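The following exercises are to be worked with the sequence and the coordinates at hand. Each task is followed by a solution in steps.

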Protein chains: 2
Amino acid sequence: MLIGEYKFLIDEKKRLAIPSKFRKSLGKKVVIARGIDNCLVIYHLNEWTKEAKKLEGLNKNQSAPRSLARIMFSGACDVDIDKLGRVLIPDYLMKYAFLKKNAAILGLSDRIEVWDDEKWEENKKKTEMSVSDIAENINSSGTQEN
Amino acid sequence: MLIGEYKFLIDEKKRLAIPSKFRKSLGKKVVIARGIDNCLVIYHLNEWTKEAKKLEGLNKNQSAPRSLARIMFSGACDVDIDKLGRVLIPDYLMKYAFLKKNAAILGLSDRIEVWDDEKWEENKKKTEMSVSDIAENINSSGTQEN
DNA sequence: AAGTGTAGTGGGAAACTGTGGATAAATATG
DNA sequence: CATATTTATCCACAGTTTCCCACTACACTT
């Protein structure tokens, strides 16, 4: 079960430890990809395959879906988890997510997100303040009403 | 049945005892999550699974539902209950619920809430004084009218 | 009243995990 | 082809977490 918040450091070699609780669920190989809101997403190989299917199903004749597929596939990258449970984060993804030294790692049930700590704390604070408002504005079908 | 109010201490290692009356109903593994009004919620694994299903059903393309899922999943954490019936509370949840040493534990039928004792007493005092007023503003279908 | 059991609290020792660095392999450069 | 630079693999330390046991207090029994 991938849930929880962890604060880890990225070292000078751009290595980031995966929380030990997550390692069994993720296996030895994972895919790191761009996420929404300037974070990174780490998928189990199977989960990534699902995401990839969705992207492949988009209508390539329209500009927006085409761009989305392009940016997601080109931004993704499959990496091995080393013996100590760390992954190597490519430069272009470090930049995309504004990652420096302090990272926040979030378990989101079927995936993991990696944020620059500062950005996450900011985002979290905002969201925490309005959780009840948000919850009230989401109807039973799971879509936002205003 | 999870009902009643208990006052327990959280020790220096952030361990909190689950009232012995609740232990059989909760099983060996539980999930601790953010609750509304800055308290924590402890779920039986099955109850949590229900909650998680709801969150997974949200439309992740929209910003507000995405934030909600993020804050709920990252704020949760699955823990084992140790042999003496205690759970370990992660730092970020201690902070979220303003927990210090004295905690109030509430049984709410299908779940447990954990409050900082001071906050709970304050909240309780307010609510006790106006139970009848509050009740009058809730209609038969359980929703608030103003 | 003494004994027995259970429950809440505290602490010590062992195991684990995050982090930094050292060494070896691979790739690039002149 | 040799050297330099990057990339990957391995190891060591320290702090935390986890596991286990001791103590005290209260309730209930005999």
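**Exercise 1. The contact between the chains**

How many residues of chain B are in contact with chain A, and with how many residues of chain A?

*Solution.* The model is a predicted one. In this model, 23 residues of chain B are in contact with 21 residues of chain A. On the side of chain B that touches chain A, helix H2 (45-56), H3 and strand S5 (77-80) of chain B each supply at least two residues. H3(B) gives the most to this side, namely 11 residues. By class, the side of chain B that touches chain A divides into 13 nonpolar, six polar and four charged residues.

**Exercise 2. Relating the two copies**

Determine which operation superposes chain B on chain A, and explain why the copies are said to meet through different surfaces.

*Solution.* In general, two copies of a chain are related by a rotation about an axis and a shift along it. Here the superposition of chain B on chain A takes a rotation of 23° and 11 Å of shift along its axis, with an RMSD of 0.7 Å. The next step compares the interface residues. Only 4% of the interface residues of chain B are also interface residues in chain A, and therefore the copies meet through different surfaces.

**Exercise 3. The sheet of chain A**

State the strand order of the open sheet in chain A, identify its edges, and find which helices pack on it.

*Solution.* Six strands of chain A form the open sheet, in the order S1-S7-S8-S4-S3-S5 and with antiparallel pairing. S1 and strand S5 (77-80) of chain A are the edge strands, since each pairs on one side only. On average, neighbouring strands of this sheet are turned by 25° against each other, direction ignored.

One pairing may be examined in detail. Strand S4 (residues 40-44) and strand S8 (residues 112-116) of chain A run antiparallel and are joined by three bridges; Val41(A) stands opposite Glu113(A) in S8(A).

Two helices are then placed. Helix H5 (residues 117-129) of chain A lies across S1, strand S7 (102-109) and S8 of chain A, at about 105° to S8(A). Helix H3 (residues 63-75) of chain B also packs on the sheet, where it touches S1 and S7 of chain A, and its direction makes about 95° with that of S7(A).

**Exercise 4. The surroundings of S8(B)**

Is strand S8 (residues 112-116) of chain B enclosed or open, and with which strands does S8(B) pair?

*Solution.* Five of the five residues of S8(B) are buried, so this strand is largely enclosed by the rest of the structure. Ile112(B), Val114(B) and Asp116(B) lie on one side, Glu113(B) and Trp115(B) on the other, and both faces are covered. This division may be set beside a general rule: in a regular strand the side chains alternate between the two faces of the sheet.

Strand S4 (residues 40-44) of chain B pairs with S8(B) in the antiparallel sense over three bridges, and Ile42(B) has Ile112(B) as its bridge partner. Strand S7 (residues 102-109) of chain B is joined to S8(B) by five bridges, also antiparallel, with Ala104(B) opposite Trp115(B). A hairpin connects S7(B) to S8(B) through two residues.

**Exercise 5. The DNA surfaces**

Which residues come nearest to DNA strand C, and how do the residues near each DNA strand divide by class?

*Solution.* Of the 18 residues around DNA strand C, those that come nearest are Phe8(A), Ser20(A), Phe8(B), Leu9(B) and Ser20(B). Strand S1 (2-9) of chain A and strand S1 (2-9) of chain B each supply at least two residues of this surface. The surface near DNA strand C has 10 nonpolar, four polar and four charged residues. The surface near DNA strand D has four nonpolar, no polar and six charged residues; among those around DNA strand D are Asp82(A), Lys83(A), Lys13(B) and Asp80(B).

How values were computed. Residues numbered from 1 in each chain as written. Chains lettered and ligands numbered in written order. Predicted model: local features only at pLDDT ≥ 70, side-chain atom pairs only at ≥ 80, totals over all residues. Near = placed C-beta within 6 Å. Helix = DSSP H or I, 4+ residues; strand = E, 2+ residues; numbered from the N terminus. Nonpolar A, V, L, I, M, F, W, Y, C, P; charged D, E, K, R; others polar. Pairing = 2+ DSSP bridges. Axes fitted to C-alpha atoms, helices over the stretch in contact; angles between N-to-C directions. Contact = placed C-beta atoms within 7 Å. Least-squares fit on C-alpha atoms with pLDDT ≥ 70 in both. Buried ≥ 20, exposed ≤ 12 C-beta atoms within 10 Å, placed from the backbone.
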